[in-house]
Amino acid sequence: MTASAAWTCPFCPLACDHLRVRAGAATLELDGGDCPRASRGLAQFGAEPDDAAPEIDGRPVTLGQAAAGAAALLAAAQQPLFGGLGTDVAGARSLYPLACATGAISDPVGGAALMQGLRALQDRGQFTATLAEVRTRADLIVFVGAVPQDVAPLVRERCGIGDAQVPQRQVVVLGADVPLHGDLFDTLGLLAALVAGRRVAAPEPLQALAQRLRAARYAVLVGAPPALPPQGALLIEAVHRIVNDLNASTRAAALWIGGGNGSATVNQVYAWLSGLPLRSRAGPRGLEHEPLAFDAARLLADGEVDALLWVASFDAAVQPPDTDAPLILLGHPALAPSARRAGRRSVFIPVSTPGIGCDGHLFRTDGTVLMPLRAARRDALPSVATAAGAILQALRAGRPA
């Protein structure tokens, strides 16, 4: 086994940087840490780099040939869709001009959850905290619905629960420690009314929680949009109302755990390059943002796109949707079989994973911290940025001046 090295994990919205990784007998593995999600992510990669080759319709080709083939598919499409979007900052920066050049709609895997938080932000604004603020300052942490350990296994540790930095810290799980009154929608609406000082009939545990929130020096409400039910934007807005009312007399914030697999990172990059978030396109009417109409699942189900570029550099389990549309797949080498389907034109370009085979950067779940990723063991595969840049170059070369 090789010696372990400091490492930032790219497989979870928390982007933990306290872990170490080493090359075991067959795969990469954690050394001196424990996180099931990181372990599952590392198990996708052998101790030695993969030397997979690009393919067109299942036939091995060069990167240049694959880029030209992908450019031809995009040039022939009337409405391409860029989905998955599992990449880092550099990859997103290269995908954006390609999307503009082709009029593509962009929507990530997990786009519905991302849009829940985004729509609540657009409608009412928000006040959020960083993980460091929660860990070092929050004296009351309220988990909305459940502790989202399936989304981020180390969320309790990253919030400082169990350490001595804030000895008077209280932790409440709304839905467990404090029972729901009706469903989560009803409970949060009632809690918001109580925090605002309205006279409403409510169970004693919920009244007590409202009093604890008003008495806290720094309360943080923590939730995970991927774990929320449909119409979760309404739940997020209720949390934001609670935070807003509390900030009139004390300090409070929300912390949303989500945006993994690069989706939050790509959303940030698209927003700073265009002024618009994901579920947008540069189309015939200029820049358009349609959080409902540009839902990738709906577009594919209704047959409204005629080419799909799917990006999945982090997780081989993020398979492209089953569609008859021509497929361009930039992904983990293990995804090659997903591109090979009889009767469908396809281009597959195996790409390096930021934090495994190449360096990169990801935005952490709190949205303000950009985490550097260092390669655990370098490979010779192109990055998403390189592959997308080659496709854009081939597209421009094939168009008349």
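What follows is a chat between two people about a predicted model.

Colleague: Let's start with Thr102 in helix α3. Why is Thr102 called buried?

Modeller: Buried means under 20% relative accessible area. Thr102 has 11%, so it counts as buried.

Colleague: And what makes the link between Thr102 and the backbone oxygen of Leu98 a polar contact?

Modeller: The cut-off for a pair of N or O atoms is within 3.5 Å. Here the oxygen of Leu98 sits 2.9 Å from a polar atom of the Thr102 side chain, so the distance is within that cut-off.

Colleague: Which residues further off in sequence does Thr102 touch?

Modeller: Leaving out residues up to four places away, Thr102 touches Leu74, Pro80, Phe82 and Leu395. Phe82 has a list of its own, including Leu95, Leu98, Tyr270 and Leu309.

Colleague: Where does Phe82 stand in the largest nonpolar core?

Modeller: Phe82 is among the residues with the most contacts inside that core, along with Leu98, Leu309, Ile328, Leu330 and Ile391. The core has 39 residues, and helix α13 (residues 384-397) gives the most to it, with seven. There's also a second, separate core of 38 residues, which includes Ala23, Ala38, Ala129 and Val147.

Colleague: Over to α10 (residues 263-274). How do you know how its span compares with the expected one?

Modeller: The expected span is 1.5 Å times one less than the number of residues. With twelve residues in α10, the expected value is 16 Å, and the helix reaches 16 Å from its first C-alpha to its last. Right after α10 comes Gly275, with a positive phi near 90°.

Colleague: What do the buried residues of α10 pack against?

Modeller: Among the buried ones are Ala264, Val266, Val269 and Tyr270. The buried residues of α10 pack against β6, α3, β7, α4, β13 and β17.

Colleague: Now the sheet β9-β8-β10-β11. What makes β9 and β11 its edge strands?

Modeller: Each of them pairs on one side only. The four strands form an open sheet with parallel pairing, and the twist averages 20° from one strand to the next.

Colleague: How do you know that β8 and β10 pair?

Modeller: Pairing takes at least two bridges. Four bridges join β8 (residues 140-144) to β10 (residues 218-223), so the two strands pair. Ile141 stands opposite Val220 in β10.

Colleague: Which helices lie against these strands?

Modeller: Helix α7 (residues 184-195) packs on the sheet, touching β8 and β9, at about 135° to the direction of β9. Helix α9 (residues 232-246) lies across β8, β10 and β11, and runs at about 160° to β11.

Terms used
Residues are numbered from 1 along each chain as its sequence is written. This is a predicted model: local features need pLDDT of at least 70, side-chain atom pairs count only at pLDDT 80 or more; totals for chains, interfaces and linings use all residues. Side-chain values use heavy atoms; hydrogens and water are left out. Buried means under 20% relative accessible area, exposed over 50%, partly exposed in between (1.4 Å probe, protein chains only). Contact means heavy atoms within 4.5 Å. Axes are lines fitted to C-alpha atoms, for helices over the stretch in contact, and angles run from 0 to 180 degrees between N-to-C directions. A polar contact is a pair of N or O atoms within 3.5 Å; within protein, one must be able to donate a hydrogen and the other to accept it, and residues adjacent in sequence count only if both atoms are side-chain atoms. A nonpolar core is a set of buried Ala, Val, Leu, Ile, Met, Phe, Trp, Tyr and Cys residues joined through side-chain atoms within 4.5 Å.
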